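Student: I have a new structure to look at, and I would like to learn how to read it. Could you walk me through it?

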Amino acid sequence: MHDPERPMRAAAALAAHLERIASDIERWLALFADDAIVEFPYAASVGFPSRLVGKPAIADYFRRTPAVFRGLTFRDLRVHATVDPDVVVAEVHGSATLAPGDVAYEQDYVMVLECKDGLVVRYREYWDPAAAVAAFNQHGDILAALGGV
């Protein structure tokens, strides 16, 4: 939990994001402002929403992910600080086993995270749709398990 007397800046929010998204989705959701926006610019190409507006929409989408992205880990993190301490850009590699079907998933991400008053107000995640399609196509139920079309 962040201390309101010392608002969390973007680099701290990024670290908490990477730590919590795979292990505690409710604590991860606590990082976000009620009116936060999450964007996946390439998601529509594989049948997922490209924009989630508001904490309820973010929660609805992400509460499914721990059951699908099992054992999600991140490595090779490169953080690119910006002139604004409330904005951070990062590159990271993620690995997981997708369920159903126990399909190996490897993905490179570029993440842009923006905070205001100690909470995430905008999170943008770029990932390779070809890698997602290759993994999702190995077992058709993966897309459905994530709420995709």
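Tutor: We will go through the sheet, then the helices, then the core. Please keep in mind that this is a predicted model.

Student: In what order do the strands of the open sheet lie?

Tutor: Follow the strands by their pairing rather than by their numbers. Here the six strands of the open sheet run in the order β2-β1-β6-β5-β4-β3, and the pairing is mixed.

Student: Which strands stand at the edges?

Tutor: Those are β2 (51-53) and β3 (69-81); each has a single partner strand, so one side of each has no neighbour in the sheet. From one strand to the next, the twist averages 20 degrees.

Student: How many bridges join β1 to β2?

Tutor: Three bridges link β1 (residues 32-39) with β2, and the two run antiparallel. You can find one bridge by looking at Glu39, whose partner in β2 is Arg51.

Student: Which strands do helices α1 and α3 touch?

Tutor: Helix α1 (residues 10-20) packs on the sheet and touches β3, β4 (87-98), β5 and β6 (119-127), with its direction at about 150 degrees to that of β5. Helix α3 (residues 55-62) also packs on the sheet, where it touches β1 and β2, and its direction makes about 60 degrees with that of β1.

Student: And which residues touch the most other members of the largest nonpolar core?

Tutor: In soluble globular proteins, nonpolar side chains tend to be buried together. In this model the largest nonpolar core has 43 residues, and Trp28, Phe32, Ile58 and Phe62 touch the most other members. Strand β5 (residues 103-116) supplies the largest share, six residues. Beyond its neighbours within four places in sequence, Ile58 contacts residues including Trp28, Leu29, Phe32 and Leu52.

Definitions and conventions
Residues numbered from 1 in each chain as written. Predicted model: local features only at pLDDT ≥ 70, side-chain atom pairs only at ≥ 80, totals over all residues. Heavy atoms only, no water. Core = buried A, V, L, I, M, F, W, Y, C linked by side-chain atoms within 4.5 Å. Buried < 20%, exposed > 50% of the residue type's maximum accessible area, 1.4 Å probe, protein only. Helix = DSSP H or I, 4+ residues; strand = E, 2+ residues; numbered from the N terminus. Contact = heavy atoms within 4.5 Å. Pairing = 2+ DSSP bridges. Axes fitted to C-alpha atoms, helices over the stretch in contact; angles between N-to-C directions.
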